[in-house]
Amino acid sequence: GERRDSHEGEMAVTLPVAGGLHSLRAIYTKHAAPSATANPFDVAPVKIHSIVVEGVVMGGAHACTKCPAGQTSSHHTNRCTSCPPGYTSLEGATRCTPCPKNTFAPNWGAKMCTPCGANTYSLAASRECALTCTFTDDTFSFDELPFMTEEQLETMYEDMVMTPATGELQRNYDLSPLRDESFSYNITIPVPNPLLGSLEDRELFLSICHPLPHDAPCMAELNHLPEHTYACANPTPDRGDDTTASYSREVLALGSLLSFQRLQYNLAQTYHQGVTVRYDLGDMCEVHGGSAGQWSVMIHIVCDLKAGLGSPRNATAAEVATLSDGPCQIHLMWASQHGCVVCAPEDYAEVGGDCVDGKHDLTYIPNTLCYKGRYPREPLRGVDCHFQAIQSMSDAQQGVALAVVVVVVLT
């Protein structure tokens, strides 16, 4: 090939190529053309960073370079491609491997699959966990809590946490209606400013069971953040002076790992039913004097049948005092009908209507604290009312029938 300088700051390269079609690929930056210039030949300047001509001998690499973990390449190529969410790869791999079930890879170019959080699940090749947004408490029934002394409650709570599941003790929570709710709840949270040694309020955005959508306000500022986070906090508004440090202008990702937990003991004493949605592996939490670990968010969804869907609020100072493990853990309370266990068949009382021509309707009403859910027990129409047959007898007939029953029992 021949190389010659054509103009100052420019370079021309001539390569011998065989006949046929060849591909030329260039990476360049184009700048805006001058708005006014004395030289009529001035045009928009273009800065060429690299040019690749395929099908020629000159300019080839001396050796192949392995793609890093999380990226792959096929043969005869000059670039690596990031694995999509749900997939990962080892160094030098030629194809991406799907994450096994109950693990996930939320972002492009993941170097490894992350195990799902407690009580969440996923299929193979998943970018997130919590398929159904439900939680099963299989250790004991919360319905017993109001009838036990504090000592009995504490003993049972501590002893039965690891008790194997039994059919009689399983209770289910369905949080799926909450994941379709708004991600903005007008909540501000106190965030430590490590440079000033004080707290500053930031607006909080969160989602239940699935990562925040890209149209969430804080996601638009994702410069340094992963694409996958369940909660984030907007930057502090600039006050126009030096007190708004660069740290305060950054969006904070507050948790990328989802898990479900039963209510902590002190909350179970008050609310009896509920589930805690926990987000871990947030950004590093910087406090005055150094790092205090990573951010995490705990949303305590508690039972209130009158609240409907409800909405979250900041935990009170008294609640935080009994819940918090440090300055980098955010606690929210959310009273909702979905904080109540879903009614099981045995939770309904059967109520019969008036018997007409030997038939009546049966309706089912919950006889304990539970939420009917999306599939309540439907009434039965036109059922034979055998149990009311004795009511149609005369007093003498009822006495005889009762005597027969007594005789049978004694015998």
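This passage goes through two open sheets, a set of salt bridges and a nonpolar surface patch in a predicted model.

The five-stranded sheet comes up first. Its strands follow the order β17-β18-β21-β23-β22, the sheet is open, and the pairing is mixed. At the edges stand β17 and β22 (312–314), each with a single partner strand, so one side of each has no neighbour in the sheet. On average, and ignoring direction, neighbouring strands here are turned by 25° against each other. Inside the sheet, β18 (residues 274–280) and β21 (residues 296–303) pair in the antiparallel sense, with six bridges between them. Across that pairing, T276 sits opposite H300 in β21. As background, strands of a sheet pair through backbone hydrogen bonds, and they can do so in a parallel or an antiparallel way.

The other sheet has three strands, again in an open arrangement, with the order β24-β25-β26 and antiparallel pairing. Its edge strands are β24 (348–352) and β26 (380–384), and each of them pairs on one side only. The average turn between neighbouring strands of this sheet comes to 40°, direction ignored. Strand β25 (residues 359–366) runs antiparallel to β26 and is joined to it by three bridges. One spot in this pairing is worth picking out: K359 stands opposite D384 in β26.

That pair also turns up among the charged contacts. K359 and D384 form a salt bridge, with their closest N and O atoms 2.4 Å apart. K359 belongs to β25 and D384 to β26, so the contact ties together parts that lie 25 residues apart in sequence. How covered are the two partners? K359 is partly exposed, at a relative accessible area of 38%, and D384 is partly exposed too, at 36%.

In total, the count of salt bridges is seven. In general terms, side chains of opposite charge can pair when their charged atoms come close. Another of these contacts joins R262 to D137, where the closest N and O atoms are 3.0 Å apart. R262 lies in β17 (residues 257–262) and D137 in β11 (residues 134–137), so this pair links parts 125 residues apart in sequence. The β17 end of the contact thus belongs to an edge strand of the five-stranded sheet. Burial applies to both partners: R262 is buried with a relative accessible area of 16%, while D137 counts as buried at 1%.

R171 and D347 make a further salt bridge through their side chains, at 3.0 Å from N to O. Here R171 is in strand β12 (residues 171–174), whereas D347 is in the loop between β23 (329–336) and β24, so the pair ties together parts 176 residues apart in sequence. Both R171 and D347 are buried.

Last comes the surface. L24, Y28, V46, I48 and I51 form a nonpolar patch there, and together they have about 530 Å² of accessible area. Strands β3 (24–30) and β4 (46–53) each supply at least two residues of the patch. Which strand gives the largest share? That is β4, with three residues. Y28, for its part, is placed in strand β3.

Technical notes:
Residues numbered from 1 in each chain as written. Predicted model: local features only at pLDDT ≥ 70, side-chain atom pairs only at ≥ 80, totals over all residues. Heavy atoms only, no water. Pairing = 2+ DSSP bridges. Helix = DSSP H or I, 4+ residues; strand = E, 2+ residues; numbered from the N terminus. Axes fitted to C-alpha atoms, helices over the stretch in contact; angles between N-to-C directions. Patch = residues over 30% accessible without salt bridge, like charges linked within 9 Å, V, L, I, M, F, W, Y side chains within 5 Å. Areas by Shrake-Rupley, 256 points an atom, 1.4 Å probe, with all protein chains shown as cover. Salt bridge = Lys/Arg side-chain N within 4 Å of Asp/Glu carboxyl O. Buried < 20%, exposed > 50% of the residue type's maximum accessible area, 1.4 Å probe, protein only.
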